[in-house]
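Please find below a note on the model under review, arranged as numbered points. The sequence and structure are shown first, and the comments follow.

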Protein chains: 4
Amino acid sequence: MGGTMDGTKQQRRGNTRQRIQDVALELFAEQGYEKTSLREIAERLDVTKAALYYHFKTKEEIIVSLFEDLTQPIEELIEWGRRQPHTLETKQEIVRRYGQALAGAAPLFRFMQENQATVRELRIGDTFKDRMTGLRDIIIDPDASLTDQVRCISALFTLHAGMFVMRDLEGDPEDKRKAVLEVAIDLVTQAHQGGRTA
Amino acid sequence: MGGTMDGTKQQRRGNTRQRIQDVALELFAEQGYEKTSLREIAERLDVTKAALYYHFKTKEEIIVSLFEDLTQPIEELIEWGRRQPHTLETKQEIVRRYGQALAGAAPLFRFMQENQATVRELRIGDTFKDRMTGLRDIIIDPDASLTDQVRCISALFTLHAGMFVMRDLEGDPEDKRKAVLEVAIDLVTQAHQGGRTA
Amino acid sequence: MGGTMDGTKQQRRGNTRQRIQDVALELFAEQGYEKTSLREIAERLDVTKAALYYHFKTKEEIIVSLFEDLTQPIEELIEWGRRQPHTLETKQEIVRRYGQALAGAAPLFRFMQENQATVRELRIGDTFKDRMTGLRDIIIDPDASLTDQVRCISALFTLHAGMFVMRDLEGDPEDKRKAVLEVAIDLVTQAHQGGRTA
Amino acid sequence: MGGTMDGTKQQRRGNTRQRIQDVALELFAEQGYEKTSLREIAERLDVTKAALYYHFKTKEEIIVSLFEDLTQPIEELIEWGRRQPHTLETKQEIVRRYGQALAGAAPLFRFMQENQATVRELRIGDTFKDRMTGLRDIIIDPDASLTDQVRCISALFTLHAGMFVMRDLEGDPEDKRKAVLEVAIDLVTQAHQGGRTA
DNA sequence: CATGAATGAGGGTTCATTCAT
DNA sequence: TATGAATGAACCCTCATTCAT
């Protein structure tokens, strides 16, 4: 009552919306979307379930908002990619940047990878698929051999796998990141040259 | 009463357990584990929920039984792999056979890929992880460079991706299968030679 | 096939009905009637639930049959008591014999004491109440003071308590039995003399 | 909107928790714990089952809360008893007060008496047993004869029986209460003097 | 901004019971 | 004698959501 907070309820400066997103993403990534209840989120925040509804109209809107906030870099990457010439350098740069974008929103992508069935039914599903298709079309040469097309997709998947599956591979994280990137770039490079050499 | 059934209740010869598994897997793969209710499964089979409980003790046991039934070929593959010398040929053969095994239980693996968050919490989770680790240890040379290790994992992932993600890639399914296999084999081959050449 | 049993299924000479009763009583006394399911009984006997229904029409009939089989001595005791003169000796003898009867069917009475709410709703309820009333009327003098009437009921209750509550009192069981009996007899004796002395 | 409620939904001022407890205790005492479903309780209150779960986390918590709320006088009685000298007067006073405490929470104790099997499995079970043991230790002389120990327990049991079994004894309730108390006090008195006189 | 109280729909699970074989 | 398969009703419980305050 007057003056500074007493700490009982940690800083409530109106950042509640943000805090909800943080906790939600953490729990969604850890337990899955359906197994995470609003009650659980609310409890962690020491807030009522009803409070969540002040900030988000539905449970789905929480995940959608996360998706929209966190995946903009990828949107921009695609935008950028579309305007570039389809050279090898461009492709390699795309892979590099995509790797960074994934790392920048790791929990979200972990969530999306581990909850594909859920994501597909959510509103995000289609949007996300569109983006992936967009990316693909940039690095895939339409008249490349099937094998090379697969290589490109495999490159993207390697990046994804790099984030989550390879956590239990031993080695320095930074080294692993580099190794993953190298393999991915290798794949698009092979794919790019495939057309010309074979 | 003599002769064939009248069709109202299709053949109830004792294949109910099997039919439950079939329908369950279909729905689990399509909608996810948590979003598929036992009521839904029962309705599709024109049977009561309680009937499911005659054949399976819990919902989890249904998916576990599917896992155990359909995953044995992979178990055997690992067994076989362990007894082979770690030659390039062995590795390539592992990849080939793993591809086949995946194809042989496609719906289950699609389910597991798209419901990782769920699977992790289920009893299957650990078993599955162990198997993947087992496979990895066979095709990965322990003293290979990190990059080559990533290549091997990427090969396995490419096979997985091949099953599900690449469905919307245009082209003859059989051709796609071959292309996927080629890329995967390529990756382990590069990884294998990496140590010797680099 | 032919000759003696092999022991896998212990003696099944047609005593199944009896075995059901035994196991049922044990479980009913231990866990209560409602918390004991037919599945549980069947499993303990290594038999199907359906088999129970060959021997008993309903779950209730199992407990009813136990009641009828095991409480006959008390029925007879009442019969006997009714024909005796209402002397002190008779009353004392009733108490003594009732104590024995309780001991002879301890698990059943433990069950009835600990599941009164259930028993009341079962068909047994009334029968049992009738018997208790019968007993009471024998040892209670209709024109005794209220206090002496209470003494008589208290005597009966002391016997009941003696069976179950006093199990955790230390001391030799046989000694405890005697002590309980002594107190009960004391109570009816006081009650009997009350009328004459007060 | 201003003034009194319209009666459709009787006063919902926040006394719902209390109303749940009241109805629950009534039904539990009448039909037993397991045979009373939450649906039944909810219906009587003209409320949804889910509403019960807003106020109590589980069904068990309802009975536990009743136990904790209603049983405090006995807790205090024991506390008080422990601090008194072990004189005859103290023992008699304990019996008197215990009788009052029982009367003050008659429905709860009726429930506990008639659902012992259930209570034993509930969290309350042990707590209750501890209290009874506490009471016992106050009125029982450790070096009294077994017979006198039984007398003390019998006294307590007489009080219990007085509440429930003797309802169908004819006579004025108040007179019956007095008679029961007299017998109980008599028993502890005999027990107390037993050591000195016998 | 947020809570307290409640709802309706549905979840998985268990039960006593039935009946053809 | 007993089993295998199934049912219908009920169970406790949890969820996302609503709304007056």
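**Notes on the predicted model**

1. A:Q31 is located in helix α1 of chain A, which covers residues 16-31; helices (H or I, at least four residues) and strands (E, at least two) are DSSP runs, numbered from the N terminus. The model is a predicted one, in which local features need pLDDT of at least 70 and side-chain atom pairs count only at pLDDT 80 or more, while totals for chains, interfaces and linings use all residues. Residues are numbered from 1 along each chain as its sequence is written, chains are lettered from A and ligands numbered from 1 in the order in which they are written, and side-chain values use heavy atoms, with hydrogens and water left out.

2. With a relative accessibility of 14%, A:Q31 counts as buried (buried means under 20% relative accessible area, exposed over 50%, partly exposed in between, with a 1.4 Å probe and protein chains only). Its side chain makes a polar contact of 2.9 Å with the side chain of A:E40. A polar contact is a pair of N or O atoms within 3.5 Å; within protein, one must be able to donate a hydrogen and the other to accept it, and residues adjacent in sequence count only if both atoms are side-chain atoms. Setting aside residues up to four places away in sequence, A:Q31 touches A:T36, A:E40, B:A117 and B:E121, where contact means heavy atoms within 4.5 Å.

3. Chain A as a whole contains eleven helices and zero strands. Its C-alpha trace spans about 75 × 35 × 30 Å along the principal axes. Of the 198 residues in chain A, 51% are buried. Among contacts in chain A with a separation of 6 or more, 69% are between residues 24 or more positions apart.

4. An unreviewed UniProt entry annotates residues 14-74 of chain A as "domain: HTH tetR-type"; UniProt positions are given in the numbering used here, feature names are shortened, and annotations may be inferred rather than shown by experiment. In the model, residues 14-74 of chain A are 75% helix and 0% strand, with end C-alpha atoms 28 Å apart.

5. Which residues come nearest to DNA strand E? Of the 37 residues around this strand, they are A:T48, B:Y53, D:T48, D:Y54 and D:H55; a residue is near a molecule or strand if one of its heavy atoms lies within 4 Å of it. Sugar or phosphate accounts for 64% of the atoms of DNA strand E within 4 Å of the protein, and bases for the rest. The residues of this surface comprise 14 nonpolar, twelve polar and eleven charged. In this classification Ala, Val, Leu, Ile, Met, Phe, Trp, Tyr, Cys and Pro count as nonpolar, Asp, Glu, Lys and Arg as charged, and the others, Gly among them, as polar.

6. Individual approaches to DNA strand E involve both phosphate and base atoms. An N or O atom in the side chain of A:H55 is 2.9 Å from a phosphate oxygen of the strand, and a side-chain N or O atom of D:T16 is likewise 2.9 Å from a phosphate oxygen. A polar side-chain atom of B:K49 lies 3.3 Å from a base oxygen of DNA strand E. Elements giving two or more residues to this surface include α3 (49-55) of chain A and α3 (49-55) of chain D.

7. Around DNA strand F there are 35 residues, of which B:T48, B:Y54, B:H55, C:T48 and D:Y53 come nearest. For this strand, 62% of the atoms within 4 Å of the protein belong to sugar or phosphate. A polar backbone atom of A:L38 is 2.9 Å from a phosphate oxygen of DNA strand F. Side-chain N or O atoms of A:R39 and of D:R39 are each 2.9 Å from a phosphate oxygen of the strand. By class, the surface near DNA strand F has 14 nonpolar, twelve polar and nine charged residues.

8. C:L169 lies in the loop between α10 (146-164) and α11 (173-197) of chain C. C:L169 counts as buried because its relative accessibility is 6%. Beyond its neighbours within four places in sequence, C:L169 is in contact with C:K176, D:R136, D:L146, D:Q149 and D:I153.

9. Chains A and C do not touch, and their nearest C-alpha atoms are 31 Å apart. Likewise no contact joins chain B and chain D, where the closest C-alpha atoms lie 21 Å apart.
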